[in-house]
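Let's take a walk through this one together, a helix, a loop and a core at a time. Have the viewer open and follow along.

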Amino acid sequence: MSPLHANLRTNGGRLWDSLMEMAQVGPGIAGGNNRQALTDADGEGRALFRHWCEAAGMTVSVDRLGTMFARREGTDPDAAPVWMGSHLDTQPTGGKFDGVLGVLGALEVVRTLNDLDLQTRHPLVVVNWTNEEGTRFAPAMLASGVHAGVHDLDWALGRTDAEGKRFGDELARIGWAGDEPVGGRSIHALFELHIEQGPILEAEGVEIGVVTHGQGLWWLQVTLTGKEAHTGSTPMNMRVNAGLGMARIIEAVHRIAMDSQPDAVGAVGQANVWPNSRNVIPGRAVFTVDFRSPDRAKLDAMRARLEAEAPAIAADLGLGIEIEPVGHFDPVTFDPGLVEKVRGAADRLGLSHRDIVSGAGHDACWINRVAPTVMIMCPCVDGLSHNEAEEITEAWARNGTDVLLHAVLDAAGVEG
């Protein structure tokens, strides 16, 4: 980028106003949002986004999974476009910024270029991926996964929610079933701006996270089988307690993750026991172990250790055990050249930054399989996300979007 453009900044106030206006669509019950994928609120949010994009002079197209692509032409019509974006859908009790900052920050980049009458050699595309959260229709990052060839299109369209409603039917019902093919688009580079969803940046007083890697994960579903019995009349030495086995394996998960430091985490977030009665010793327990690390060897070693230790724990208690992998993706290494562009943008803007690993999955993690990709992160208060109390400051939003602007211009080539 030429020195002439080194001081470019986005309009932080306009960005914040857009974030707050979008937050009025699908409001939650405690200050956040409930704009789950393919609900009426999702459709309303999409319409508002399309209105803003068209007002900014972009053309909007929609693919068969409802993903939205807003294009600003470049001076070279044959050049592959530079993409920016994230998602507008939320958790049932979601915040106002998760995903939304990446979409509306990208829109603000385009608006700023319009204000300054600047053109780029490469076209720009602002993307809103469908069903990133995966709350209503599992799995998460569904549309970007199909785009990257991870999932089959018909399989995705056939996914059902808790009420048995099909993804494809609900997409058509809200009026956002496009006719363009999914995938196969030319991408010069993709940038995704996102809140950190963790506490590191705020705790260290760092303004920008330069995301170098995304964690891989293993989800392992463990089923323990014991014997239901009365809690009051069964002697302690004669119990076959599936709940006790679950507790010991949960402790083992924590120990395995702690022994694998640095850059490794593990926990059990979903657990159920049967019959789940106050005075019945659990005869069955089913729970999911979540291991994550950006290091593939470490990730696989944690899985292998659990698969060795958990059966021993079960055997000691007389329990039957089954362990089934129910989710996996490999660690992601984001494009080193784009990582350098993000670092350079933060340096030019005088913003403190550090390398960081994304602990959550994002659309960029799938698109990284088919195009050069990178992520930019800004802090969030107390690292809180997937919660209606999720919060960022206007300055954090503006800083992240300024870095996005400069990194995108570096990739797309600024003219004028």
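A good place to start is α1, a helix of 12 residues that reaches 16 Å from its first C-alpha to its last, close to the 16 Å expected at 1.5 Å a residue. That expected span is 1.5 Å times one less than the number of residues, and helices (H or I, at least four residues) and strands (E, at least two) are DSSP runs numbered from the N terminus. Before going further, keep in mind that this is a predicted model, where local features need pLDDT of at least 70 and side-chain atom pairs count only at pLDDT 80 or more, while totals for chains, interfaces and linings use all residues. Residues are numbered from 1 along each chain as its sequence is written, and side-chain values use heavy atoms, with hydrogens and water left out.

Back to α1: its buried residues are G12, L15, W16, S18, L19, M22 and A23. Buried here means under 20% relative accessible area, exposed means over 50%, and partly exposed is in between (1.4 Å probe, protein chains only). Looking down the axis of α1, those buried residues fall within an arc of 160°, so they line one face of the helix; the arc is that of the directions from the helix axis to the C-beta atoms. What do they pack against? The partners of the buried α1 residues are α2, α3 (100-116) and α12 (394-412), with contact taken as heavy atoms within 4.5 Å. Right at the start of α1, a side-chain oxygen of N11 comes to within 3.3 Å of the backbone nitrogen of G13.

Follow the chain out of α1 and you enter the loop that runs to α2 (40-55), where Q36 sits. Is Q36 buried or exposed? With a relative accessibility of 16%, Q36 counts as buried. Its side chain makes a polar contact with the side chain of N34 at 3.0 Å. By polar contact I mean a pair of N or O atoms within 3.5 Å; within protein, one must be able to donate a hydrogen and the other to accept it, and residues adjacent in sequence count only if both atoms are side-chain atoms. Leaving out residues up to four places away in sequence, Q36 touches D42, D89, T90, Q91, P92, T135 and R136. I29 is in the loop between α1 and α2 too, but at 84% relative accessibility I29 counts as exposed.

Now for α3, one of the packing partners of α1. This helix has 17 residues and spans 24 Å between its end C-alpha atoms, close to the 24 Å expected at 1.5 Å a residue. Of its 17 residues, 14 are buried, so α3 is largely enclosed by the rest of the structure. Just past its end, D117 takes a positive phi of about 55°.

What about the interior? In soluble globular proteins, nonpolar side chains tend to be buried together. Here the largest nonpolar core has 94 residues, and those with the most contacts inside it are L104 and F191. Such a core is a set of buried Ala, Val, Leu, Ile, Met, Phe, Trp, Tyr and Cys residues joined through side-chain atoms within 4.5 Å. The largest share of this core, 10 residues, comes from α12. Apart from it lies another core of 23 residues, including A242, I256, A264 and F287. As for L104, it touches L15, S18, L19, M22, F49 and W52, not counting residues up to four places away in sequence.

Next, look at H87 in strand β3 (residues 82-87). H87 is buried, at a relative accessible area of 0%. Its side chain makes polar contacts with the side chains of D98 (3.4 Å) and E132 (3.1 Å). Beyond its neighbours within four places in sequence, H87 also has H194 and D363 among its contacts.

Last stop: the loop between α8 (242-259) and β10 (265-274), home to P262. A cis peptide bond joins Q261 and P262, with omega about 0°. In that loop you'll also find D263, which has a positive phi of about 60° although it is not a glycine. A second spot to check is the cis peptide bond joining W274 and P275, with omega about 5°.
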